[in-house]
Amino acid sequence: MKRLTGTNKEIAELLYQEQLELSKENRDVESTVQAIIEDVKKRGDEALRDYSAKFDKVDLTDFEVGQDLIDQAFKEIDPEVYQALVNAKENIESYHKHQLETGFEDQPSEGVIRGQLIRPINRVGVYVPGGTAAYPSSVLMNVIPAKIAGVKEIIMITPPQEHFVPAILVAAKLAGVDSIYQVGGAQGVAALAFGTETIPKVDKITGPGNIFVATAKKQVYGIVGIDMIAGPSEIGVIADSSANPTYVAADLLSQAEHDTLARAILVTDSEALADAVESEIERQLKLLPREAIARPSVENNGRIIIANDTDAMFELMNLVAPEHLEIAMDNAYDYLEKVENAGSVFLGHFTSEPIGDYYAGANHVLPTTATSRFSSALGVHDFVKRIQYTQYDKAAVNKAQHDITTLAYAEGLQAHAKAIEVRNDNN
């Protein structure tokens, strides 16, 4: 891992620029995706079949995954994996139920009613990668908050496969997916955004994917809502001399194994810990089945920063605004108030980041590339709309008329003013 020196501001800016470089999208991808989207808009299912043959090497007559395949998945799934999914589902549900909103209404003065309604999005599409990137935990994390929000219909798409990973189909049904279609890539995103003869148009698309999927989500945003544009996975660890270097190294590698572009950042005030973590990373790397992915991630993107004290460590990490933030310190909970920017926080020496990935209940769909400065983890709030309402009676309108028309005339919008004035007692 490379060591960085400088002021916190200089280091944070360097890290941010490095992360932007990792997340930069290729212009060829942009144009390719745009062409695919336009083709799906024009030709619908016919285009989807052509792209399935071209990219997935399968000839499809029916896109929907039938009940027979789902039943087979329940028969094939490892019983321990099934039980782990059930337990994780319960934790995710119990956590996200606390995010439900109730709306409000008030009467600030005589004749005036104001309020806000909370209404679920009607139909949501969830993208689920296939093959080695098939993560049933992500199915639960995307679908369960939508169900709790009251979304009326949840559609899942996933690339065509000769044999579906049983846990993916089982997780979909456990979480409450209404229908599953085998279509992937940018063409799948386009199908969700615009609809085809078979796949209905949705109102919002969530879920992870490769650069083609991410670019497609970006391009259809505005036609439909999306969860976020996710960059490579990242973890930041704040650790002092009380931290166990074996634990810290293992947690840094837990994200490095995702992708060669993933990044792991350690900020510590202990030179001895930094040295020990570096040694541990090398030792553990040699034991990892995914060393070929984790090693370039650590060597190219891993960073260690030595800070002067605790306040400096938190100041820097707040500037970095990591996706995952671990606080590997004694009494870590006492430092929670120092955290300003992070997607999800893991407190103490034993709360390893994978606890959040799979089990604790907090969502693992998180903002990357320093976007935790202004955005949050996926949650129930992402699947509802807030509708405002207002009622003024005649007396209340007359009382407010002067202020309203004064502002309307000041903006040069005479018809706005007239719409109020026609309701005056003198008209």
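A residue counts as buried when its relative accessible area is under 20%. In this predicted model, D357 has a relative accessible area of 13% and is therefore buried. D357 sits in helix α14, which spans residues 353–358. Setting aside neighbours within four places in sequence, D357 is in contact with S137, M141, Q255, H258, H324 and H364.

D357 also belongs to a group singled out in the UniProt record, where an unreviewed entry applies the annotation "binding site" to S233, Q255, H258, H324, D357, E411 and H416. These positions span 184 residues of sequence and are spread in space as well, with C-alpha atoms up to 55.3 Å apart. Another member of the group, Q255, is found in helix α10 (residues 245–256). With a relative accessibility of 1%, Q255 falls under the 20% limit and so is buried too. Beyond the residues up to four places away in sequence, Q255 touches S233, E234, I235, A262, H324, E353 and D357. Happily for anyone tracing the site by eye, H324 can serve as a shared landmark, since H324 appears among the contacts of Q255 and among those of D357.

A second set of positions carries the annotation "binding site" in the unreviewed UniProt entry, namely Y127, Q187 and N210. Here the picture is one of clustering: the three are spread over 84 residues of sequence, yet their largest C-alpha distance is 12.6 Å. Q187 is located in helix α8 (residues 185–194), and a relative accessible area of 3% makes Q187 buried. Its contacts, not counting residues up to four places away in sequence, are I36, V40, L48, Y51, F55 and D56. N210, by contrast, is partly exposed at 45% relative accessible area, and occupies the loop between β7 (204–206) and α9 (211–220).

On the scale of the whole protein, the chain is divided into domain 1 (28–226), domain 2 (231–374) and domain 3 (393–422). The C-alpha centres of domain 1 and domain 3 are 46 Å apart.

Towards the end of the numbering, helix α15 (residues 394–410) meets helix α16 (residues 414–421), their axes coming within 8 Å and crossing at roughly 170°. This angle makes the two helices roughly antiparallel. On the α15 side the contact involves V397, Q401, I404, T405, A408 and Y409, and on the α16 side Q414, H416, A417, K418, I420 and E421. By type, the contact residues comprise six nonpolar, four polar and two charged. H416 links this helix pair to the annotation, being one of the positions in the first "binding site" group.

Notes. Residues numbered from 1 in each chain as written. Predicted model: local features only at pLDDT ≥ 70, side-chain atom pairs only at ≥ 80, totals over all residues. Heavy atoms only, no water. UniProt positions renumbered as here; feature names shortened; annotations may be inferred. Helix = DSSP H or I, 4+ residues; strand = E, 2+ residues; numbered from the N terminus. Buried < 20%, exposed > 50% of the residue type's maximum accessible area, 1.4 Å probe, protein only. Contact = heavy atoms within 4.5 Å. Domains from an automatic or database assignment. Axes fitted to C-alpha atoms, helices over the stretch in contact; angles between N-to-C directions. Parallel < 35°, antiparallel > 145°, perpendicular 65-115°, else oblique. Nonpolar A, V, L, I, M, F, W, Y, C, P; charged D, E, K, R; others polar.
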